[in-house]
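Here is a short set of exercises to work through with the model open in your viewer. Try each task before you read its solution.

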Amino acid sequence: MTATAPAAEATVRKSSPGAARGPRRRTGRIRRIGLPYLLLLPALLLELLVHLVPMVIGIVMSFKELTQFYIRDWGTAPWAGFDNYSVSVDFDAPVGKALLHSFLVTVAFTVLSVGLCWLIGTAAAVFMQDTFRGRGLLRALFLVPYALPVYAAVITWVFMFQHDNGLVNHVLHDQLGLTDKPSFWLIGDNSFIALLTVSVWKGWPFAFLIVMAGLQNIPRELYEAAALDGAGMVQQLRRITLPSLRSVNQVLVLVLFLWTFNDFNTPYVLFGKSAPEAADLISVHIYQASFVTWNFGTGSAMSVLLLLFLLVVTGVYLALTSRGRRTAQ
């Protein structure tokens, strides 16, 4: 009896429903955990095909002497080692000097565009916090430049910047008399102003949308208490609004920087294949080095250098902002 009792108890435990419930729970937990990753798998594969694979191919092409003679079978192009990179960073040679000039123009354009987009978007978002008649309609109108397709919007600006019958010259010269004669906006030094105008007009609604969403998380009681203490609008902006939007602005500035620095559609549609020297952004410059001069090896090397620069800037920016956030806490 004493020998058969443990065996019988074990047999009863195995046949009980609670004993089988444990493995079922583990199997169900594994399925619940694995299901999201399974649903993400098609998107990850598509991302791999669309972005990562061309990036790896571009890195390989940067080490080859790939010209129009090998374009049909680029795998047979001879290896160039780091020659393409040496040519790109040789700032005393014509190729390197042109790349450096394009880089400096892009830096100036990005700083001005991101700063103006953030300033106008923040001012508009703060203004829209007050309740007044027609606020919803005005918000919708503010988002029109961001909602329009890029090509349709930029082509409209191309017609507006025309020398003879453009709206910009008509208003500035004919109506307001601010210029002595109609200006050329799509060539010469004015092309930088035209490009900056289109970029800011197209980008500030995004900053407006993000800042406006961030303002919804600031309690109104803070503003009411500050008003009771005698704080004006400027003091409330400095002491409440901007500190509360610090994390939002950090992400917003980074996204605007990456978008603006890599912007290709705006200058390409605005100026065509050959941008003026004053508006020679690095994205169009790399396109010209690759598809106009048919030197795909050098163009790929320039693209890799641009990628490395953006990675370094992004890493430094994230490190500085994380350190500042920890210091503030």
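**Exercise 1. A buried serine**

Task: Find which residues Ser290 is in contact with, leaving aside its neighbours within four places in sequence.

Solution. Start with the contacts: with those sequence neighbours set aside, Ser290 meets Asn295, Phe296, Gly299 and Ser300. Next, place the residue: Ser290 belongs to helix α14, which spans residues 282-292. Finally, check its exposure. The model is a predicted one, and in it Ser290 has a relative accessible area of 7%. The cut-off for buried is under 20%, so Ser290 counts as buried.

**Exercise 2. The overall build**

Task: Describe the protein by its secondary structure, its burial and its contacts.

Solution. Begin with the elements: there are 15 helices and 0 strands. Then turn to burial: of the 329 residues, 32% are buried. For the surface, the protein exposes about 20700 Å², with 67% of it supplied by carbon and sulfur atoms. Last, take the contacts with a separation of 6 or more: 65% of them come from residues 24 or more positions apart.

**Exercise 3. The two sides of a helix**

Task: Work out which residues of α11 are buried, and which are exposed on the other side.

Solution. First list the buried residues: in α11 (residues 233-244) they include Gln236, Ile240 and Thr241. These cover an arc of only 85° around the axis, so they sit on the same side of α11. A general rule helps here: an α-helix has 3.6 residues a turn, so residues three or four places apart point the same way. Now look at the other side of α11, where Val234, Arg238 and Arg239 are exposed. To finish, ask what the buried residues of α11 pack against: the partners are α4 (94-127), α9 (190-215) and α10 (220-228).

**Exercise 4. The nonpolar cores**

Task: Identify the residues that touch the most other members of the largest nonpolar core, and the helices that supply this core.

Solution. The largest nonpolar core has 42 residues, and Phe161, Leu195, Phe208, Leu215, Leu256 and Leu270 touch the most other members. Next come the suppliers: α4, α7 (150-160), α9, α10, α12 (246-261) and α13 (265-271) each give at least two residues to this core. The most comes from α9, with 13 residues. Apart from this core lies another, of 9 residues, among them Phe261, Ile282, Met302 and Leu306.

Now zoom in on Leu215. Not counting residues up to four places away in sequence, Leu215 touches Ala125, Val126, Gln129, Tyr223, Thr241 and Leu245. One of these, Thr241, is also among the buried residues of α11.

**Exercise 5. Contacts across the sequence**

Task: Trace what Val269 and Thr110 touch, not counting residues up to four places away in sequence.

Solution. Take Val269 in helix α13. At 18% relative accessibility, Val269 is buried. Its contacts beyond those sequence neighbours are Tyr151, Val154, Ile155 and Val158. Val154 and Val269 are 115 residues apart in sequence, yet their C-alpha atoms are 6.5 Å apart in space.

Then move to Thr110, in helix α4. Thr110 is buried, at 2% relative accessibility. The residues that Thr110 touches are Phe257, Thr260 and Phe261, again not counting residues up to four places away.

**Exercise 6. Rings and a charge**

Task: Classify the pair formed by Phe63 and Tyr85, and say which parts it ties together.

Solution. The structure holds 22 aromatic pairs. In the pair of Phe63 and Tyr85, the centres are 5.4 Å apart and the planes meet at 45°. Stacked needs planes under 30 degrees apart and edge-to-face needs over 60, so this pair is tilted. Phe63 lies in the loop between α2 (17-61) and α3 (83-89), while Tyr85 is in helix α3, so the pair ties together parts 22 residues apart in sequence. Tyr85 is buried, at 12% relative accessibility.

A charge also meets a ring: the charged end of Lys64 sits over the ring of Trp79, 4.5 Å from its centre.

Finish with the ring cluster, in which ring pairs link Phe264, Tyr268, Tyr287, Phe291, Trp294 and Phe296. Trp294 lies in the loop between α14 and α15 (296-328). Trp294 is partly exposed, at 39% relative accessibility. Although Trp294 is not a glycine, it has a positive phi of about 60°.

Notes
Residues numbered from 1 in each chain as written. Predicted model: local features only at pLDDT ≥ 70, side-chain atom pairs only at ≥ 80, totals over all residues. Heavy atoms only, no water. Phe/Tyr/Trp six-rings, centres within 6.5 Å; stacked < 30°, edge-to-face > 60°. Helix = DSSP H or I, 4+ residues; strand = E, 2+ residues; numbered from the N terminus. Buried < 20%, exposed > 50% of the residue type's maximum accessible area, 1.4 Å probe, protein only. Lys NZ or Arg CZ within 6 Å of the ring centre and 35° of its normal. Contact = heavy atoms within 4.5 Å. Areas by Shrake-Rupley, 256 points an atom, 1.4 Å probe, with all protein chains shown as cover. Arc of directions from axis to C-beta. Core = buried A, V, L, I, M, F, W, Y, C linked by side-chain atoms within 4.5 Å.
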